[in-house]
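Visitor: I should like to understand how the pockets of a protein model are described. Please show me the model before we begin.

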Amino acid sequence: MRALVLTATGGLEHLAFADVPVPELADPGDVRIRVHAAALNHLDLFVAKGLPGVQHQFPHVMGADGAGVVDATGDAVTTVRPGDRVMINPGLSCGRCAACGAGEESLCDAFRLLGEHRPGTAAEYVVVPAANVAPVPAAMGWAQAAAFPLATLTAWRMLVTRARVQPGETVLIWGIGGGVAMAALQVALLRGARVIVTSSSDAKLERVRALGAHAGLNHATLDVVREVRRLTDGAGADVVVDSIGEPTWQSSLRALRRGGRLVTCGATGGPMVGLDVRKLFWHQWSILGSTMGSRAEFAAIAAEAAEGRLWPVVDRTVPFDEAIAAFHALAEGTQAGKLVIEVRP
Ligand SMILES: [Zn+2]
């Protein structure tokens, strides 16, 4: 089968198309999916660069997000059958540890991601546990179905499970345009929050205003902390979503109200930050980490999609032949929404 692979770590120059064997079911609980579309994530850039502690078998098939048609099922699979349209939860867990037993799969001792630790979705076929798929809503196309799982699941856990955003609260989201930030905007609005977003691009801010953001701040030209204070009568934001890290961290803390929550799922701008503990305890801030989500949270977002309440924003879809160029576009970061590869037209 045709696949987009990494031939070595070190960067996007090691991406190539290759002919690799069609994957076989490895477990009675597995399903094989004929992939229609795969979506790109910032994670893919880290995978291409090389992550500490992750060993690949080369050629390594890229891609965490995908959607397609069930092609084969293991003997123990009862939840889906061949021909079903499904989208894939990229989080893989052991099913045996205490965290898995408690339904907290993303806290599993052996938590892994499709396309990072296992062959991914940027190929004609992929094998995953049946527990990792959910039905694609009838009204949802392949590009949206592929774009939906990782970013929406991550945003859902950050805002609903970890930060427990309440109606009427103010949420600040840095760096709108990326998949997780866009999904975070939608989840926060769904929970009834007021959302302030930032970007260095006025064009992105304009586009996002149409999605319902209450304010858009250009962080290249405005003092975000001062603007957030102004927009909240001096109080500050209830929740800040900061997955950039080093460049934004201090401003995130200064933009928080007393008792506010800062939630993070990434550090695209650098991982090392400072913290004045006196401010942490005096202002009674909560600093919350979050990674991916559980099976129950995946079922929750799939249910929201089925009702049409959560729907991913796709920036553009490219043919499989142009997938490598799409990864370079992702690295440049000019998109507002997800980049999707059409694996099967
Ligand atoms: Zn586990």
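Guide: The following questions concern the two largest pockets of this predicted model.

Visitor: What makes a residue part of the lining of the largest pocket, and which residues are the closest to its centre?

Guide: A lining residue has an atom within 4 Å of a point of the pocket. The largest pocket has a volume of about 1200 Å³. Of the 48 residues that line this pocket, H42, F46, V180, S243 and T268 are the closest to its centre. Elements that give two or more residues to this lining include α1 (42-49), α5 (179-190) and β18 (338-342).

Visitor: Why is the largest pocket said to lie between domain 1 and domain 2?

Guide: Domain 1 (2-148 + 311-342) and domain 2 (153-289) both give residues to its lining, so the pocket lies between them.

Visitor: How many residues of each class does the lining of the largest pocket have?

Guide: The lining has 21 nonpolar, 22 polar and five charged residues. Gly is counted among the polar residues in this scheme.

Visitor: What is known of the second largest pocket?

Guide: The second largest pocket has a volume of about 440 Å³. It is lined by 21 residues, of which P23, Q57, V61, R118 and P119 are the closest to its centre.

Visitor: Which element gives the most to the lining of the second largest pocket?

Guide: That element is β9, with three residues. Both β4 (60-61) and β9 (125-129) give two or more residues to this lining. By class, the lining of the second largest pocket has 12 nonpolar, six polar and three charged residues.

Technical notes. Residues numbered from 1 in each chain as written. Predicted model: local features only at pLDDT ≥ 70, side-chain atom pairs only at ≥ 80, totals over all residues. Heavy atoms only, no water. 1 Å grid on protein atoms, 1.4 Å probe; cavity = no way out; pocket = protein on both sides within 12 Å on 5 of 7 lines; lining within 4 Å. Points joined across faces, edges and corners; volume = space filled by probe spheres on them. Helix = DSSP H or I, 4+ residues; strand = E, 2+ residues; numbered from the N terminus. Domains from an automatic or database assignment.
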